[in-house]
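Dear colleague,

I am handing over the structure shown below, together with an account of what was found in it. Please read the notes with the model open beside them.

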Amino acid sequence: MSSYPMEIDDSSSPEKTTAKGKTLILEDPPSGQVKATPWVEKYRPQSLADVAAHRDIVDTIDRLTNENKLPHLLLYGPPGTGKTSTILAVARKLYGTHYHNMILELNASDDRGIDVVRQQIQDFASTQSFSFGAKSLVKLVLLDEADAMTKDAQFALRRVIEKYTKSTRFALICNHVNKIIPALQSRCTRFRFAPLNATHVKERLQHVIKAEGLDVSDSGLEAFVRLSNGDMRKALNILQSTHMASQTITEEAVYLCTGNPMPKDIEQICFWLLNEPFAASFRYISEIKMKKGLALVDIVREVTMFIFNIKMPSDARVQLINDLADIEYRLSFGCNDKLQLGALVTGFSHARCSMVAAAK
Ligand SMILES: Nc1ncnc2c1ncn2[C@@H]1O[C@H](COP(=O)(O)OP(=O)(O)OP(=O)(O)O)[C@@H](O)[C@H]1O
Ligand SMILES: [Mg+2]
């Protein structure tokens, strides 16, 4: 894996103004800011080679960029998987230091209604650009978080994309591809950024751990991977906050810092739910919740994962998972915690009855 340059030219600001006054972070921050920079930004991939995972996609985009055949792009997938980083790396590669003349970046924080498509985007796409020695004359319009664009704006964009294809490429980035109208999807080459698998998250974390000189135990590293669920941004954020909280990073420190229930606590809770009478089970879980500051919604989520792995009649399992899903749904509306804990214990009581009936 390549390294991340940290020597920084003090005269350059990390934020550059793009063609229409939008700011785009493409350069390394001044050295004074390096310490304060969140690790997600400090370790944002600078080039396409630095992007972890998605090798097929990144290699394809790299080849298209090299051959100057970049199509309109639609990158979609869950958060923290490297969509924005990839497109910024493409911009860096295409335009080098002149990117600010060649890019119009608009994200969800900007107004991107139909007026902006009609004026700002059209103006940018229709003006002649100078390459300043950069390889390509093609300009780039980055529409980050494009799923938040109104339908009208998306409809207006259809014609703009076609009209200015000669001089401008559009890159749409979003989490929910179904919120992009089919007509726009068909104008773009789609790439799906799946959640990173455990190996890639681990490798990338190890790179950061080495660069920062951290003391992380193997089980601690596993905990980051488990809690991140393939979201690299989440993994780096948890790593940084755990590092702030404790010098040596163990599994326990990670769970304590994030407030997530430890696997052994979940095992204990499931043991109570499956073996203790209703009242005792309710009391023990209330106590552990208080003592360790656990949220019921986290307990329900983890318990659900746990019961996938234990042996029980499928009828009982189906009903139990359905009950747990209902509890989670109600908790998301802020329903009373105690009542929902009662519902959790009740769900397990029903499952136990079915298990006993099935054994007879
Ligand atoms: N594939 C990856 N390789 C290396 N680092 C990554 C990768 N994906 C994400 N990261 C890390 O997570 C941070 C956020 O990534 P990025 O902004 O590219 O995510 P995204 O896919 O655009 O997410 P969102 O949909 O939330 O905008 C990056 O700064 C980087 O540190
Ligand atoms: Mg993004």
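In which loop does N68 lie? N68 belongs to the loop between α3 (55-66) and β3. Please bear in mind throughout that this is a predicted model.

Backbone at two asparagines

Most residues other than glycine have a negative phi. N68 departs from this pattern: its phi is positive, at about 60 degrees, although N68 is not a glycine. N68 counts as exposed, because it has 11 C-beta neighbours inside 10 Å and the limit for an exposed residue is 12 or fewer.

N229 is a further case, with a positive phi of about 55 degrees although it is not a glycine. N229 is located in the loop between α10 (218-228) and α11. Is N229 exposed or partly exposed? With 14 C-beta neighbours inside 10 Å, N229 counts as partly exposed.

The sheet

Strands of a sheet pair through backbone hydrogen bonds, either parallel or antiparallel. The model contains an open sheet of five strands, in the order β4-β5-β6-β3-β7, and the pairing is parallel. Because β4 (103-106) and β7 (189-192) stand at the edges, each has a single partner strand, and one side of each is left without a neighbour in the sheet. From one strand to the next, the twist averages 15 degrees.

Strand β3 (residues 73-76) may be followed through both of its pairings. With β7, β3 pairs in the parallel sense over four bridges. Within this pairing, L73 has T189 as its bridge partner in β7, and Y76 stands opposite R192 of β7. β3 is also joined by four bridges to strand β6 (residues 168-174), and these two strands run parallel. There, I173 in β6 is the bridge partner of L75.

At the other end of the strand order, β4 pairs with strand β5 (residues 139-143) in the parallel sense, again over four bridges. The bridge partner of I103 in β5 is L140.

In a regular strand the side chains alternate between the two faces of the sheet. In β3, L73 and L75 lie on one side and L74 and Y76 on the other; all are buried, and both faces of the strand are covered. In β4, I103 and E105 point one way, while L104 and L106 point the other way, and all of these are buried. You may wish to note that E105, a residue of β4, is thus among the buried ones.

The surroundings of ligand 1

Which residues are closest to ligand 1? They are R44, P79, G82, T84 and S85, out of 22 residues that surround the ligand. Elements giving two or more residues to this shell are α2 (39-42), α4 (83-95) and α11 (232-245). By character, the shell residues divide into 11 nonpolar, six polar and five charged.

Helix packing

Two packed helices are described by the angle between their axes and the distance between the axes. For α10 and α11, the helices on either side of the loop that holds N229, the packing angle is about 135 degrees and the axes are 8 Å apart. α10 and α11 are therefore oblique to each other. The crossing in which α10 passes α11 is right-handed.

A further pair consists of helix α15 (residues 296-308) and helix α16 (residues 314-332), whose axes come within 10 Å and cross at roughly 160 degrees. That angle makes α15 roughly antiparallel to α16, since the term applies to angles over 145 degrees. α15 passes α16 in a left-handed crossing.

Two contacts between separate parts of the chain

I249 is found in strand β9 (residues 248-249). I249 is buried, because 24 other C-beta atoms lie within 10 Å and 20 or more are required. How far apart are the C-alpha atoms of I249 and D218? They are separated by 9.4 Å, although the two residues are 31 residues apart along the chain.

W272 is found in helix α13 (residues 263-275). It counts as partly exposed, with 18 C-beta neighbours inside 10 Å. W272 and Y284 are 12 residues apart in sequence, and their C-alpha atoms are 7.7 Å apart in space.

With kind regards

Terms used. Residues are numbered from 1 along each chain as its sequence is written. Chains are lettered from A and ligands numbered from 1 in the order in which they are written. This is a predicted model: local features need pLDDT of at least 70, side-chain atom pairs count only at pLDDT 80 or more; totals for chains, interfaces and linings use all residues. Two strands pair if DSSP finds at least two bridges between them. Axes are lines fitted to C-alpha atoms, for helices over the stretch in contact, and angles run from 0 to 180 degrees between N-to-C directions. A residue is near a molecule or strand if its C-beta atom, placed from the backbone, lies within 6 Å of it. Ala, Val, Leu, Ile, Met, Phe, Trp, Tyr, Cys and Pro count as nonpolar, Asp, Glu, Lys and Arg as charged, and the others, Gly among them, as polar. Angles under 35 degrees count as roughly parallel, over 145 as roughly antiparallel, 65 to 115 as roughly perpendicular and the rest as oblique. A crossing is left-handed if the near helix is turned anticlockwise from the far one by less than a right angle, and right-handed if clockwise.
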